[in-house]
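Please walk me through this fold, starting with its sheet and ending with its core. Keep it brisk.

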Amino acid sequence: MTDEPILQPVARSTTRTDLVAGSLRAAILSGQIRPGETLVERRLAEQLGVSKTPVREALIGLAAAGLVVISPNRGVTVRVLVPADLRKAYEVRLLLEPWAVARTARLRDPGTIGAAGRALQTAKSLLSGDDRTALSLANRAFHRELYAACGNELVTAQLDNVQDLAALGAVSILWERWPTWREEYTEHDGILAAVESGDVSLAERLTRKHIRRSVAHLQTAEGTS
């Protein structure tokens with residue numbers, strides 16, 4: 001009996017549903033589609049130039065990621081986050097992301113470090129706070145470069161989902177009460193330096209401290225809401 005697998009892996013291809021989901025995700029995270037806004041399949045299909053089927057499938061995927069809510073009465077709406085929702089997302093990040101960044105620091109891939117550095121430079125150019133959405137997306141890109149290189153696609157997928165919620169809530173909840181983007185930039189710079197030097201322990205510790213501060217802010221927000 002042969003040990004050869006019966007079925008060969010199928011190459012991943014970008015489907016129309018993937019493209020629709022990417023377009024909708026970008027519009028939601030950039031603020032072009034606002035929290036609480038109703039998403040109508042027919043209208044979205046017309047705007048995107050596709051049939052309703054990939055739109056429906058994309059909305060189901062975005063609902064699984066927590067960006068939209070599907071309900072019998074209201075249809076599909078963009079999620080309106082409250083501090084408790086965002087805290088839960090950050091708690092998942094607190095469990096997974098420090099470990100992932102530590103793994104990335106151990107691997108020290110030059111391409112990853114370069115891409116994270118470019119995202120950090122983009123964030124630096126936005127520190128005036130005039131475009132907080134763009135700044136939030138730049139920060140999200142920075143974090144993703146560092147955790148996605150950890151070598152564990154299951155961890156990456158989980159963090160991708162909660163990072164969408166984090167980007168959605170940073171502007172509307174955290175930065176409204178705590179405009180800490182300059183401090184966050186400084187912390188990001190320190191995390192990247194630790195990764196670049198291969199200091200695994202420091203990279204993990206700084207990432208945990210960075211995320212824990214947001215968790216503390218959100219716990220405060222829950223207590224005063």
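**From hairpin to core**

A hairpin of 3 residues links strand 2 to strand 3. The model is predicted, so treat each step below as a reading of that model.

Start with the hairpin's two arms. Strand 2 and strand 3 are antiparallel and pair over 4 bridges. One position to find is V69, whose bridge partner in strand 3 is T77.

Now add the remaining strand. Strand 3 covers residues 75–78, and 2 bridges join strand 1 to it. These two strands also run antiparallel. Two positions in strand 3 show how they line up. T38 stands opposite T77. L39 stands opposite V76. T77 thus turns up twice: it faces T38, and it is the bridge partner of V69.

Put the pieces together. The sheet is open, has 3 strands and follows the order 1-3-2. Its pairing is antiparallel. Which strands sit at the edges? They are strand 1, residues 38–39, and strand 2, residues 68–71. Each of these pairs on one side only.

Next, look for the helix that meets this sheet. Helix 3 spans residues 52–65. It lies across strand 1, strand 2 and strand 3. Its direction makes an angle of about 110° with strand 2.

Return to L39. Which residues does L39 touch, leaving aside its neighbours within four places in sequence? The contacts are I33, L44, L59, V68, V76 and V78. One of them, V76, is the residue that L39 stands opposite in strand 3.

L39 also leads into the interior. The largest nonpolar core has 63 residues. L39 is among those with the most contacts inside this core, together with L24, Y90, L146 and V195. Helix 7, residues 153–177, supplies the largest share of the core, with 10 residues.

Finish with S23. This serine lies in helix 1, which runs over residues 16–29. Is S23 buried, partly exposed or exposed? S23 has a relative accessibility of 34%, so it counts as partly exposed. The cut-offs explain the label: buried means under 20%, and exposed means over 50%. S23 also shows how the chain folds back on itself in space: S23 and A58 are 35 residues apart in sequence, yet their C-alpha atoms are 9.7 Å apart.

Terms used:
Residues are numbered from 1 along each chain as its sequence is written. This is a predicted model: local features need pLDDT of at least 70, side-chain atom pairs count only at pLDDT 80 or more; totals for chains, interfaces and linings use all residues. Side-chain values use heavy atoms; hydrogens and water are left out. A nonpolar core is a set of buried Ala, Val, Leu, Ile, Met, Phe, Trp, Tyr and Cys residues joined through side-chain atoms within 4.5 Å. Buried means under 20% relative accessible area, exposed over 50%, partly exposed in between (1.4 Å probe, protein chains only). Contact means heavy atoms within 4.5 Å. Two strands pair if DSSP finds at least two bridges between them. Axes are lines fitted to C-alpha atoms, for helices over the stretch in contact, and angles run from 0 to 180 degrees between N-to-C directions.
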